[in-house]
Amino acid sequence: MKSLLVFLMLFLTTACDNHLNSISIKIHGIEFSPTEITEILKLSPLPPPPPNTHNAYADNNHAALFGQFLFFETRLSSNNKVSCATCHQPETHWTDGLKVSVGLEQVSKNSPTLWNTAYNRWQFWDGRKDSLWAQSLAPLENTLEMGGNRLKVFRLVSDDRALREAYEKIFDAIPKLDTGLTLMDACPVPNNPKDLLQLAWSSLSDDDHIRISRLFSNLGKAIEAFERKIISKSAPFDRFVEGIRRKNRNDMESLSSEALRGMKLFIGKGQCILCHTGPNFTDREFHNIGLDRGNFPLAVGRFKGIEQVKTDEFNRLGNYSDDRSVLSNKALHYVTQKPNNLGEFKTPTLRNIRKTGPYMHDGRFENLHQVFDFYSKLNQKPALGHREESLRPLNFTDKEITDLIAFFDSLTGAPLDDSLMQKPDSPGR
Amino acid sequence: MMRKLNLFLLLSFLGWSGCSEDSAPSENTPTVHHSLTARDGYEVTYKPNPNPIPLNDHFALEITVTSADKSELPANLIIEVDADMPTHKHGINTVPTIRSIGKGQFLAEGLLFHMAGDWEIYIDVIRGPVRERATFPMTLK
C-alpha cells in the first residue's frame, strides 16, 4: 500500500509538471517557452542518491562516521602526512583548488569535487572505477598519491584499538593472518612483478590475500558511506524551479535577469544541456570535447578507463562486491571499449561549479570565462580521437558569458553541516 | 483508517487524471517499430522494454524477424544490434547481448542512450556471409 501511495504521488508530480509544460512564463521581462519550461523542470529537484546494493554499508551511519574518520586519516599514507582530504579539502568544496593535484608527488589530473559523487555511474575522470568504495581505495596504494599498501592498512586497523573497535562494530571480527608479524608492507603491483611490494604480496597465502583485501574493501565501503553525505542541493536555482511548480512569483523572481538569460543560453543556443542533463547536471558518461594536448601528458581517457574497470578486482561484479548480479550492474556488464572512447572524459556535475575550479581533467582553465571562451571558439586540435561532432563554435559575446556565469552561480548549494567538514574525534561511537 | 487511505488514493488518482487532460505528450511515445531490411529480405519489428526508451538508462529490445515474402524463415539467423547518433558521430558505449527467445524472436539487452537527440537503431540480420540491415531513426527527448 505504501508503494502504491508513492507511485500515485509521483504520478501527481509528473502530471502537474505536464500541465506546466503547456504555458509560457515571463519573469523579469524574459519569456520562457513551454519547451524551455519542460527542460528546466527536468533539472530540479535533486532526488536522494540512488540505492546502492553493491555496498551493504552505504547508508549505515556507523560506517559513515568510521569512513569520515578514515577520510581525514593521514596514517593511511606512507609518510603519515597525506589523506583523502589533502586533495579533497572541505573548505575548497572538496577539491584542492590546484590545476593538478599533489599527494606525495604531483599527478597529472585535476582533483574532481566530491559534491554529489554518489550519483555518478563511474568514478575518476576516465571512469576506471565503477563505485565510490572502489575509487577510494586506489589513491591509498598509488605511489604518487598516498603510497600506502593494503597490508600496512590491515596492520594499522588491527593494531589500533579505536580503529579495530569501530571496524568490528560495523563489519566482521578482524581475522588472524597466516603470515607472521615480520611482514608489514605488501600489495599487488600488477604491472611490475619484481616490485618489492608485489614480491611480498606473492609470498602471502591465498587466504591472507582474501582476508587483507576484504578488510581493505570494507574501509572503502565506509568511506563511500561518508561521501554519500556530501550532497549539494537547495541552490537558488532549485528555489526558482520550485517556484515554477508552485506558481510562486517570489521564488520565480528570486534569480537575477542575468541568471535567467544564462539559463536560456544553457538550454538554447549553448545546448549545454545535451551533456549536462538531469538534476545533477551530468549525463554521467564521457565525451571528447576536443581539447588539445597542450603541455600535458597524452591522456587516453575513457578508452583505457573501460579496460581498467572491466578488469578491476574491486569492481561491482568482483568478489568484494555485495551484489554481483548482472541485473544490478548492467553498466559494467555491457560497457565495451570502442575507438570513439579515445580522448573522452567524464561530464562533471555543474552543481557548485563556480566553487570547484580550475576546470577540465587537467585543470587547464583557471576560471569559467576561459571555459566558455573555449566553447566559443573550439579552435583546439583534439589530442586524441575526434571532437563530439555536435559541438560547434558558439561565438558567445562577453555579455552572454557573464549571463552564463550568473546562471552557474545560481547552482551553488547550501553548505554542509560543519560536523561533516572535519575529522571526528573518534572513528566510532 | 484504510477507508480514509483508499479515499485519498482515489482523490490522488482523480487529481492526476484531471491534470493530465490538459497536458500534451512531452516524452518519447511508446510504439512498436517496423522496418524492412535494406535488401527487402526481412521485415523487422522491435518493441523496447521499458517502452518508451528511457534517457540514460538501460533498456532491451524485443525483436521479431520475418521473411518479407512470408516464406519460411531461414534457420541459423544471427542478429546484431547497434545504435548511433549520426550527427554526433558516436554511438552507444555498450555492446548488447542477443539471445533467441523463439522462432524469429530475439531479445537484445544492454542498450543505453546517454544523450537526448536523434538516434538510429541498427538491427542486422545475418545469414552466412550475407548481412542485411534494418535502420530505425528515432528522436529521444
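## Close-up views: salt bridges and paired strands

**View 1. A partly exposed glutamate and its lysine partner.** In this predicted model, A:Glu39 counts as partly exposed, with a relative accessibility of 23%. What kind of contact do the side chains of A:Glu39 and A:Lys42 make? They meet in a salt bridge, with 3.6 Å from N to O. A:Lys42 is partly exposed too, because its relative accessible area is 29% and the partly exposed class runs from 20% to 50%.

**View 2. A salt bridge within helix H10 of chain A.** Here you can find the side chains of A:Arg246 and A:Glu242, which meet in a salt bridge of 2.6 Å, N to O. Both residues belong to helix H10 of chain A (residues 236-246). They sit four residues apart, which is about one turn of the helix. Is A:Arg246 buried or exposed? It counts as exposed, at 61% relative accessibility, while A:Glu242 counts as partly exposed at 28%.

**View 3. A salt bridge with a buried aspartate.** Now look at helix H16 of chain A (residues 398-409), where A:Lys399 and A:Asp403 lie four residues apart, about one turn of the helix. Their side chains meet in a salt bridge, 3.6 Å from N to O. A:Asp403 counts as buried because its relative accessibility is 3%, and buried means under 20%. A:Lys399, at 49%, counts as partly exposed.

**View 4. A network of salt bridges in chain A.** Which residues are linked in a network of salt bridges? They are A:Glu73, A:Arg75, A:Asp160 and A:Lys423. To put these close-ups in context, the count over all chains comes to 34 salt bridges.

**View 5. Strand S8 of chain B and its two partners.** We now move to chain B, where strand S8 spans residues 117-127 and is mostly covered. How many of its eleven residues are buried? The number is eight. S8(B) pairs with strand S4 of chain B (residues 78-85) in the antiparallel sense, over seven bridges. To trace this pairing, start from B:Ile79, whose bridge partner in S8(B) is B:Val125. S8(B) also runs antiparallel to strand S9 of chain B (residues 130-140), and eleven bridges join the two. One pair to look for is B:Gly117 with its bridge partner in S9(B), B:Leu140.

**View 6. The hairpin between S8 and S9 of chain B.** Two residues lie between the strands of this hairpin. Look for B:Gly128, which takes a positive phi near 60°.

Definitions and conventions:
Residues are numbered from 1 along each chain as its sequence is written. Chains are lettered from A and ligands numbered from 1 in the order in which they are written. This is a predicted model: local features need pLDDT of at least 70, side-chain atom pairs count only at pLDDT 80 or more; totals for chains, interfaces and linings use all residues. Side-chain values use heavy atoms; hydrogens and water are left out. Buried means under 20% relative accessible area, exposed over 50%, partly exposed in between (1.4 Å probe, protein chains only). Two strands pair if DSSP finds at least two bridges between them. A salt bridge is a side-chain nitrogen of Lys or Arg within 4 Å of a carboxyl oxygen of Asp or Glu.
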